[in-house]
Amino acid sequence: MDASQNALNDQSQSVENTSGAFIEIGQSIQEMNSLILGMKDMTTQLNINKEHIIDFIQSASTTTEETAAGSQEVLASVENQIKMSQQVTDNIGLLTENIKELNVMVDRFKV
C-alpha cells in the first residue's frame, strides 16, 4: 500500500510537472504570437513606407525629366539668341564698311 501510495504521489508529481511545462509552453506560445503580430504590423508599416518612397522617387524622376527637358529648351533658345547676336554683329560690321565707303564717296564730291 505504501508502494502504491508512493507511485501515486510520483505520478501526481509528474502530472503537476507536465502541467507546469504545458503552462510555460502556452505562455511562450502567447509571447511568440504577440511578437509575430508585432512583426506583422511592422512589416505592414514598412510596406506602406516603401510605397511612399517609391512614389517620391517616381515624382522626383518625373520632375528631373521635366527639368532636363526645360533645360534643353533654354539651351536651344540661348543658342538661337547667340546666332542672332552674331548676325547682328555681322550686319553692324557690314553697315560700318558701307558707311566708310559712303564717306569716301561723299568726300570725293566735297570741294
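**Close-ups along a helical chain**

**View 1. I25 is partly exposed, with a relative accessible area of 45%.** This is a predicted model. I25 gets the "partly exposed" tag because its 45% sits between the cut-offs of 20% for buried and 50% for exposed. The residue lies in helix α1, which runs over residues 2-109.

**View 2. F22, I25 and I29 make a nonpolar patch on the surface.** Put together, F22, I25 and I29 offer about 330 Å² of accessible area. I25, the residue from the previous view, belongs to helix α1.

**View 3. D2 is an exposed residue of helix α1.** The relative accessible area of D2 is 62%, so D2 clears the 50% mark and counts as exposed. Now follow the chain along to N91: D2 and N91 are 89 residues apart in sequence, and 130 Å separates their C-alpha atoms.

**View 4. Stepping back, the chain has 1 helix and 0 strands.** Its C-alpha atoms fit a box of roughly 160 × 15 × 10 Å along the principal axes. The radius of gyration is 47 Å, where a compact globule of 111 residues would come in near 13 Å.

**View 5. What share of the chain's 111 residues is buried?** That share is 0%. The accessible surface adds up to about 10,200 Å², and carbon and sulfur atoms account for 61% of that area.

**View 6. The chain carries 6 positive and 16 negative charges.** Take the mean position of each set, and the two points lie 35 Å apart.

Technical notes: Residues numbered from 1 in each chain as written. Predicted model: local features only at pLDDT ≥ 70, side-chain atom pairs only at ≥ 80, totals over all residues. Heavy atoms only, no water. Patch = residues over 30% accessible without salt bridge, like charges linked within 9 Å, V, L, I, M, F, W, Y side chains within 5 Å. Areas by Shrake-Rupley, 256 points an atom, 1.4 Å probe, with all protein chains shown as cover. Salt bridge = Lys/Arg side-chain N within 4 Å of Asp/Glu carboxyl O. Helix = DSSP H or I, 4+ residues; strand = E, 2+ residues; numbered from the N terminus. Buried < 20%, exposed > 50% of the residue type's maximum accessible area, 1.4 Å probe, protein only. Rg over C-alpha atoms; globule rule 2.2 N^0.38 Å. Lys, Arg positive; Asp, Glu negative; His and termini not counted. Charge placed at Lys NZ, Arg CZ, Asp CG, Glu CD.
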